[in-house]
Amino acid sequence: MLAVLSPGQGSQKPGFLAPWLELPGAEARLRWWSALSGVDLVHLGTQAGADEIKDTARTQPLLVAAALLAAERLPLHDVSVVAGHSVGELGAAAIAGALTPETAVTLAGVRGREMAAACALEPTGMSAVLGGEADEVLAAIEAHGLHPANRNGAGQVVAAGAVDALAKLGAEPPAKARVIALQVAGAFHTPFMAPAEQALAAVAAGIIPADPTRILLSNLDGAAVAHGRELLTRLVRQVTAPVRWDLCMRSIADLGVTAVIELPPAGTLAGLVKRELKANGIEIVTLNTPDDLPKARDLVARHGTAPSHEPSPAFRVVVAGTAGLFVPAEGLVEGDTVRTGQIIGHVSTRQGPVDVAAHGDGLLTEWLAHHDDPVAPGQPLARIGGHPA
């Protein structure tokens, strides 16, 4: 099973799009998207310096455009899973078929401008906390009045909030941890971004999304999102909500992904997957220039969906909403028909059972978790596909 990943802010490098503009039609595509996003993507991707492309208002549409430009050169019909980090979710949503490329780039332009404006309201920032025990790191972040804006796995949590609080965290790091200040404009994915979330919501209200045609993992909780309207709500909410990339990687492992392609500018997400999931033996290709396309296409051919004249059955992944022990509904077995809203099991927690419901009509094609299996939030529990009788 193959996953395609779309990177987020901080992965950009000066001139990284220059090789792609040598491909037929690429420059025209970028100029069209420039008109939609309100920034000169050709200039930003080829001639702009590091400081210019560090500007949030410019970086976000640039990254979404770069990912989509490269994705158009891949045989995406064989891709099963897509995910994006932060603004990369917009690119992932387009690759999954829920948004058009034009909509994704336009939203990235709005998102970038509004988040940049929110950053200017008061002095905030972000710092990476590397190492340490996870619980101790999170407790220290909370004790300083900060927010865990990104939980990236592999011993990496990004704290965000007021500049003075970040300075105190740096002076008093958690045990066995290092705190590194990040060169960003403000506290992304925290309540400080509320004005940007409201502005993005106003624009998103006019969009009619489609349901994803691939498994699309959400930064909110690592869950597979089956409905376009829910996806759009999550994309807007993500402006102030933490990025749970750790849960996305857990879902990638639980789904049995065997290979990953990271779209340009590639490297950051591939590194996290390599460190977090090295025991899974996942094969990785970082797609940075057109010279990498043959390797990426070969990976698709070897790990993508096998070609068939028969239509591939669409399926939805039902995921856990909380941590606990999974208990399937009594008597429900693979092959049974389920209906939208039907309770297919529950997760036992200390606070009591939490029901797990089907998101659509179909056949229970496969249990991905079994009786009394420990599960985490966002972990896939069952596949539902086919057509009910």
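In which sense do strand E8 and strand E9 pair, and over how many bridges? The first view below takes up that question, and the other views visit further parts of this predicted model.

**View 1. Strands E8 and E9 side by side, with helix H12 between them along the chain.** Here E8 (residues 259–262) and E9 (residues 283–286) pair in the parallel sense, and four bridges join them. To find your place, look for Ala259, which stands opposite Glu283 in E9. On the way from E8 to E9 the chain passes through helix H12 (residues 268–276), and this β-α-β crossover is right-handed.

**View 2. The open sheet of five strands.** Reading across the sheet, you meet the strands in the order E7-E2-E1-E8-E9, and their pairing is parallel. Strand E7 (215–216) and E9 each have a single partner strand, so one side of each is left without a neighbour in the sheet. Further in, strand E1 (residues 2–6) runs parallel to strand E2 (residues 81–84), with four bridges between them. Leu5 is a handy landmark here, standing opposite Ala83 in E2.

**View 3. The open sheet of four strands, with helix H8 packed on it.** This sheet has the order E4-E5-E3-E6, and the pairing is antiparallel. Its edges are strand E4 (147–153) and strand E6 (177–181), each of which pairs on one side only. On average, neighbouring strands of the sheet are turned by 25° against each other, direction ignored. Look next at strand E3 (residues 124–131), which pairs with E6 in the antiparallel sense over five bridges. Ser127 stands opposite Ala181 in E6. Helix H8 (residues 163–171) packs on the sheet and touches E3, strand E5 (156–162) and E6. The direction of H8 makes about 140° with that of E5. As you follow any strand, remember a general rule: in a regular strand the side chains alternate between the two faces of the sheet.

**View 4. Helices H6 and H9 packed together.** The axes of helix H6 (residues 101–119) and helix H9 (residues 194–204) come within 8 Å and cross at roughly 155°. Because angles over 145 degrees count as roughly antiparallel, that is how H6 and H9 are described. Their crossing is right-handed. From H6, the contact is made by Leu107, Val110, Arg111, Glu114, Met115 and Ala118, while H9 brings Ala196, Ala199, Leu200 and Val203. Sorted by class, this contact has eight nonpolar, no polar and two charged residues.

**View 5. Helix H1 meeting helix H6.** Helix H1 (residues 26–37) packs against H6 at an angle of about 45°, and their axes are 8 Å apart. H1 and H6 are therefore oblique to each other, and the crossing is right-handed. On the H1 side you will find Arg29, Trp32, Trp33, Leu36 and Ser37, which meet Pro101, Glu102, Val105, Thr106, Gly109 and Arg113 in H6. The residues of this contact divide into five nonpolar, three polar and three charged.

**View 6. Backbone details in two loops, at Pro265 and Ser86.** In the loop between E8 and H12 you will find Pro265. The peptide bond that leads from Pro264 to Pro265 is cis, with omega near -5°. The other loop lies between E2 and helix H5 (88–95), and Ser86 is found there. Although Ser86 is not a glycine, it has a positive phi of about 55°.

Notes. Residues are numbered from 1 along each chain as its sequence is written. This is a predicted model: local features need pLDDT of at least 70, side-chain atom pairs count only at pLDDT 80 or more; totals for chains, interfaces and linings use all residues. Side-chain values use heavy atoms; hydrogens and water are left out. Two strands pair if DSSP finds at least two bridges between them. A crossover is right-handed if, with the strands pointing away from the viewer, the path from the first strand over the helix to the second runs clockwise. Axes are lines fitted to C-alpha atoms, for helices over the stretch in contact, and angles run from 0 to 180 degrees between N-to-C directions. Angles under 35 degrees count as roughly parallel, over 145 as roughly antiparallel, 65 to 115 as roughly perpendicular and the rest as oblique. A crossing is left-handed if the near helix is turned anticlockwise from the far one by less than a right angle, and right-handed if clockwise. Contact means heavy atoms within 4.5 Å. Ala, Val, Leu, Ile, Met, Phe, Trp, Tyr, Cys and Pro count as nonpolar, Asp, Glu, Lys and Arg as charged, and the others, Gly among them, as polar.
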